[in-house]
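Here is a short report on ligand environments and cysteines. Please look over the sequence and the structure before reading on.

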Amino acid sequence: MPTLIIVGAQWGDEGKGKVVDHFAAHADMVARYQGGNNAGHTLVVGGEKTVVHLIPAGVLHAGTTCVLGNGVVIDPKVLCGEIEGLQAKGYLSDPAQLRIDERAHVILPVHRMLDVAREAALGERAIGTTGRGIGPCYEDKAARRGVRIVDMLDPRYFADALDKILSERGPLLKLYGEEPPSAQEILDEYAVYAERLRPYVTDATQVVADEIAAGKRILFEGAQAAMLDLDHGTYPFVTSSNTVAGVVGSGAGVAPKHVGRVLGIAKSYTTRVGAGPFPTELEDEVGAKLREVGGEFGATTGRPRRCGWFDAVVVRQAARLSGLSGIALTKLDVLSGLPTLKIATAYECDGERYDRVPASVPALTQAQPIYEELEGWTEDLSGARRFEDLPEAARKYISRIEQLTGAPVTLISVGAEREETILLRDPFLL
Ligand code: GDP
Ligand code: IMO
Ligand code: MG
């Protein structure tokens, strides 16, 4: 089955973009199926950095069709900007390379305003969202008053749908002291986006189905990660979409029989951006070193990422939830020079041992990781291209991760560049 789902196995920013770009050379299509421009996927090719928030990370390969599935929430202003930015760099010259599903929901200015206003009102208790309007847009979708791409393209229907949203959201925004834009202002602004995006809009589920029927290679690119999943993550410090692999079914309209292999992306340590429990967080000089060496600053908001040791409890849970057939272990190069490394194998909380991530926020907040110590290495790994090129201590670290998570490491990333990769097994053949 030539489909592969790529998902984050921690709290996001594991290097999904890099891995998708790496494989996209051999893929006919890359499709996003959830999330929106809260994602920031960084691609580095020949020293040039490109960050994509909405457009799939396969876009740098002209022969790879990129799809925004129905489960994605689309801020058309951001999408138009991203298309222009990529075109200015010489990418995406053929509009047929990008397909946008007509059923994807649209992020409106009121969604962004509400996201930011709520977070400000929460103060200390804020979630630390990206402020992109993701939560409020998915709320309107679930409340059956959302605006979809197909609705945005039809001015009369759009006006009516917008009226429904504004009559709910307008008074709420006023409670937060914000004045929403008028319906006419939004209609005028979005009419411009609608015309720009119209050539790309289609029933993308059919496009994906046709590719599957033709036996083409398809990558499904996840955004966010297991611990940010609306159901399975560290609720309420999560995003507003489901992120586990099974969501490809609803978010891109793909039947379960067509998907099998799932590659989880995990950083060789752990990071989290935003608030919420993080058992292996390091608020010391080791955490600061990981942040500095790993360049751990958000690709979307620029916020410093919280850093900590590799948490096998988290990745084991992700492996179970998404049925990981393999793990791509990224940023191994960043660990060089640390004399010892720690891996959390379980948690202890109120004298009780947890082999899984507890659902209770107080339990998870108090959880003390049970660590295992491993020897570090000093060698620069960025030139390694085969498993044998890695120092013995690094190889032992990898095999311990495999044992603790129950998933084989099938790719190792030793640098941000496309080529700084050790491929152990073809992920399409796992
Ligand atoms: P994503 O959201 O999962 O796609 O990840 P991000 O792009 O937000 O964050 C990952 C960061 O690490 C980006 O800046 C990448 O360029 C960088 N990166 C990815 N893989 C590696 C690696 O193996 N080593 C190093 N040093 N950087 C990497
Ligand atoms: P990628 O795809 C890391 C986090 C936010 C916040 C929470 C909710 O690049 O891995 P939201 O704006 O979604 O309502 O914020 O989720 N978050 C991410 N953290 N990487 C991401 O995406 C994220 N997308 C959302 O920081 O804690
Ligand atoms: Mg990111």
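The sections below cover the two ligand sites and then the cysteines. The model is predicted.

## Ligand 2: site and shell

Ligand 2 sits in the largest pocket. Around ligand 2 there are 20 residues. The closest are Asp13, Lys16, His41, Thr130 and Thr239. By class, the shell around ligand 2 holds 7 nonpolar, 10 polar and 3 charged residues.

## Ligand 2: polar contacts and burial

Polar contacts to ligand 2 include one from a side chain and two from the backbone. Thr239 places a polar side-chain atom 2.6 Å from an oxygen atom of ligand 2. At Val273, a polar backbone atom is 2.9 Å from an oxygen atom of the ligand. At Gly40, a polar backbone atom is 3.0 Å from an oxygen atom of ligand 2. On its own, ligand 2 exposes 540 Å², and the protein buries 98% of that area.

## Ligand 1: site and neighbours

Ligand 1 sits in the second largest pocket. The residues around ligand 1 number 19. Lys16, Gly17, Thr42, Asp333 and Ser413 come nearest. Lys16 is also listed among the closest residues to ligand 2.

## Ligand 1: polar contacts and burial

Backbone atoms of Glu14, Gly15 and Gly415 each lie by an oxygen atom of ligand 1, within contact range. For Gly15, the distance from a polar backbone atom to a ligand oxygen is 2.9 Å. For Glu14, a backbone N or O atom lies 3.1 Å from an oxygen atom of ligand 1. For Gly415, a polar backbone atom is 3.1 Å from an oxygen atom of ligand 1. Ligand 1 alone has 580 Å² of accessible area, and the protein covers 91% of it.

## Cysteines

How many disulfides are there? The count is 0. A disulfide needs two cysteine sulfur atoms within 2.5 Å. The closest cysteine sulfur to that of Cys66 belongs to Cys80 and is 16 Å away, so the two are too far apart for a bond. Cys80 is in no disulfide either. The nearest cysteine sulfur to Cys80 is that of Cys137, 16 Å away.

Are Cys66 and Cys80 buried or exposed? Cys66 has 0% relative accessibility, so Cys66 counts as buried. Cys80 is buried too, with a relative accessible area of 3%. The cut-off for buried is under 20%.

Technical notes. Residues are numbered from 1 along each chain as its sequence is written. Chains are lettered from A and ligands numbered from 1 in the order in which they are written. This is a predicted model: local features need pLDDT of at least 70, side-chain atom pairs count only at pLDDT 80 or more; totals for chains, interfaces and linings use all residues. Side-chain values use heavy atoms; hydrogens and water are left out. A residue is near a molecule or strand if one of its heavy atoms lies within 4 Å of it. A polar contact is a pair of N or O atoms within 3.5 Å; within protein, one must be able to donate a hydrogen and the other to accept it, and residues adjacent in sequence count only if both atoms are side-chain atoms. Accessible areas come from the Shrake-Rupley method with a 1.4 Å probe; for residues, only the protein chains shown count as cover. On a 1 Å grid over the protein atoms alone, a cavity is a set of points where a 1.4 Å probe fits but cannot get out, and a pocket is an open set with protein on both sides within 12 Å along at least five of seven lines; lining residues have an atom within 4 Å of a point. A molecule sits in a cavity or pocket if more than half of its atoms lie within 2 Å of its grid points. Ala, Val, Leu, Ile, Met, Phe, Trp, Tyr, Cys and Pro count as nonpolar, Asp, Glu, Lys and Arg as charged, and the others, Gly among them, as polar. Buried means under 20% relative accessible area, exposed over 50%, partly exposed in between (1.4 Å probe, protein chains only).
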